[in-house]
Amino acid sequence: MVGALSAALLCTAGVTALPAAARTPDTPGPADTAHTTGTTPAPRLPDGLAKTPPMGFNNWNSTHCRAEFNEEMVKGIADLFIAKGLKDAGYQYVNLDDCWALPTRDGNGKLVPDPQRFPNGIKAVADYVHSKGLKFGIYTSAGIKTCNPAGFPGGLGHEKSDAQQFADWGVDYLKYDNCNNLGVDAKQRYRTMRDALKATGRPIVYSICEWGENKPWEWASDVGHLWRTTGDISDSWSSMLAIAKQNLPLAPYAGPGRWNDPDMLEVGNGGMTDTEYRSHFSLWSMMAAPLLIGSDLRKATPETFEILSNKDVIAIDQDALGKQATVLKSESGRWTLVRQLANGDRAVALFNETGQPQQISTTAKDVGLPQADGYRLRDLWQHRDTHTTGTISATVPAHGTTVYRVSADRRWADYPPAVETGTDRTPLVEAGTPADLRSTVRNLGGTPAKNLAVTLKAPQGWQIKATSPATARALPGGRTLTTSWRITAPAGAAPGTYDLPLTADYRSPRGERVTAALPGTAHVVVPPPSGTAYAAELPWLTAANGWGPVEKNTSVGESASGDGGPITIGGTGFARGLGVHAASEVSFYTGGRCSTFSAQVGIDDESGDKGSAGFEVWADGRRVAGTGTLTGADAAKAVSASVAGAQTVRLVVTDGGDGIDYDHADWGDAKFSC
Ligand code: GLA
């Protein structure tokens with residue numbers, strides 16, 4: 001496979017049409033009073049199921065078809081739902097994905113559970129799950145076979161019998177996939193199963209999984225209770241982000257009983273940091289997405305349980321109004337999402353897509369709250385109530401999300417004032433040489449923050465000195481305390497990233513103690529050597545890539561590290577350079593000591609004629625070179641830029657405006673003159 005495509009979606013849809021007998025006429029469900037856009041009433045299924053987005057577990061993201069997907073696992077998950085309080089937190093469905101069946105039906109055309117995985121059959125597992133007060137789900141495909149290459153039987157042409165078999169087993173939820181569908185019209189395939197499920201008389205949540213190919217949000221509100229909007233998620237930041245961006249614009253289509261499904265959770269599977277998993281969980285909850293846990297809870301860390309059990313965030317996902325968040329603002333990777341809640345509150349997510357801390361701000365007025373002197377502000381990850389006179393603002397760590405529940409509350413002044421902590425930079429420190437940093441603590445409230453003390457905590461052996469006041473007896477509402485700091489890393493400190501957390505301790509007028517923390521970092525850097533410095537040989541400050549890791553002196557190849565080929569653009573090879581994949585950003589510390597950067601850039605020949613990307617060079621905050629869009633058909637293009645005086649240089653690759661598929665991009669012969 002070349003580039004960022006979802007492997008699981010490469011299953012082929014055949015072209016032969018089904019016999020007419022397998023088709024049913026369109027039978028739209030009865031219209032109800034639900035509205036999608038405020039003007040167009042959207043019909044929905046009349047069964048009253050999935051009034052809030054379904055919550056539960058599905059094995060696929062953690063096991064795929066591996067042998068560990070079996071009865072023992074499924075029972076173990078059900079046990080943990082109880083033991084770890086997940087059932088109490090709202091998780092209900094324990095669902096099987098692909099590979100539970102044998103490849104052939106029995107003599108009566110019935111599906112046969114794989115006896116290795118499910119030696120006691122499926123009903124026994126369903127009974128066990130039900131005995132815990134939970135619900136049970138299963139999977140098949142709206143095609144003649146499921147998606148796994150082993151080819152398990154699909155439901156196409158067997159809808160009635162399969163639906164009845166599921167109902168007899170006690171199935172409460174069906175995920176209906178899209179592989180091997182013989183090119184039969186999607187609406188027809190999914191409606192046929194809807195009608196078959198209905199005919200069983202058993203309430204079954206119906207999850208349409210056709211990956212957004214036929215825009216199900218436009219026609220499926222009375223076919224299923226939820227519909228996948230995208231291809232498969234994988235356990236990476238770039239996959240999660242790309243899916244969120246596809247799903248966000250579909251907000252008008254979601255509502256009780258009819259949800260956009262941006263795919264199951266990856267929280268806890270190991271491919272993202274906990275900060276990124278908190279963003280994933282926050283975004284999914286803001287988007288009123290189904291929350292289907294996708295990690296093997298038997299091996300999950302306490303942090304994973306803490307994220308998945310965050311009742312404050314779950315309450316946003318499960319809010320009875322069922323309105324998916326909309327994007328209030330999105331600017332240079334700083335996102336403000338707002339979701340209207342049933343009691344009139346607003347959920348506000350400040351999401352930082354970038355690799356640097358970012359200040360993201362809005363106001364109570366802009367998120368749609370009525371005019372008032374103050375508002376209650378609940379931080380849903382800190383579980384802390386404060387108040388604001390209107391500003392909603394935070395410095396959000398790289399890839400992080402701050403989520404607030406904001407309420408018009410007459411008793412707002414009973415809560416401590418919110419303070420916003422920030423720094424003016426992520427310091428770049430040469431070992432042994434002092435560097436400067438400024439911190440700010442702003443009181444967003446209407447009452448004073450008393451006995452304020454600001455602390456910057458450095459690693460062992462570092463020196464830190466406040467060169468201006470770091471305390472205040474009282475910081476009045478609306479005021480900011482700015483403190484200058486001088487920090488020195490010990491001579492010999494190894495290059496890399498170090499924690500540099502900032503905290504502001506204060507008391508509310510009622511004496512309540514509050515600590516506001518900002519998880520900052522500092523980089524210990526080494527100046528580049530004088531002469532020619534190749535980009536592949538200099539240490540990176542940061543490196544982000546849309547597919548696999550950034551590679552030194554090879555193309556990006558596949559998603560594993562070190563699996564690229566020789567850098568080759570339009571038939572010309574380059575012994576040195578960086579192999580990246582859009583969207584990418586690699587940054588370097590040049591410390592004002594380099595004069596120029598140059599490279600030969602283009603799409604690597606491993607993408608064939610496909611792929612398109614733009615190459616940009618940034619010196620500090622200035623764009624000093626840009627190629628416009630280059631495609632897989634183009635020869636290498638020379639880029640050269642003055643970087644004189646710059647402290648940092650960033651090499652940025654954009655997706656050329658058409659998504660990141662096949663965008664294997666090379667910085668051939670990339671070098672600095674220093
Ligand atoms: C498709 C679906 C996935 C998963 C697999 C199983 O790719 O989109 O969610 O169910 O099939 O084979």
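1. How many nonpolar, polar and charged residues does the shell around the ligand have? Counting by class, there are six nonpolar residues, one polar residue and six charged ones. Keep in mind while you look around that this is a predicted model.

2. Now for the names. The ligand is surrounded by 13 residues, and the closest are D97, D98, K175, D177 and D232. Try finding those five in the structure before reading on.

3. Let's zoom in on some side chains. D97 has a polar side-chain atom 2.6 Å from an oxygen atom of the ligand. For D232, a polar side-chain atom also sits 2.6 Å from a ligand oxygen. K175 joins in too, with a polar side-chain atom 2.8 Å from an oxygen atom of the ligand. As for how covered the ligand is, on its own it has 310 Å² of accessible area, and the protein covers 98% of that.

4. Next, a pair of helices. Two packed helices are described by the angle between their axes and the distance between those axes. Here, α2 spans residues 71–83 and α4 spans residues 121–131. They pack at an angle of about 10 degrees, and their axes are 9 Å apart. Angles under 35 degrees count as roughly parallel, so α2 and α4 are roughly parallel to each other.

5. Which residues meet where α2 and α4 pack? On the α2 side you'll find E71, V74, K75, A78 and D79, and on the α4 side V125, Y128 and V129. Sorted by class, this contact has five nonpolar residues, three charged ones and no polar ones.

Methods:
Residues numbered from 1 in each chain as written. Predicted model: local features only at pLDDT ≥ 70, side-chain atom pairs only at ≥ 80, totals over all residues. Heavy atoms only, no water. Near = heavy atom within 4 Å. Polar contact = N/O pair within 3.5 Å; in protein donor to acceptor, adjacent residues only side chain to side chain. Areas by Shrake-Rupley, 256 points an atom, 1.4 Å probe, with all protein chains shown as cover. Nonpolar A, V, L, I, M, F, W, Y, C, P; charged D, E, K, R; others polar. Axes fitted to C-alpha atoms, helices over the stretch in contact; angles between N-to-C directions. Helix = DSSP H or I, 4+ residues; strand = E, 2+ residues; numbered from the N terminus. Parallel < 35°, antiparallel > 145°, perpendicular 65-115°, else oblique. Contact = heavy atoms within 4.5 Å.
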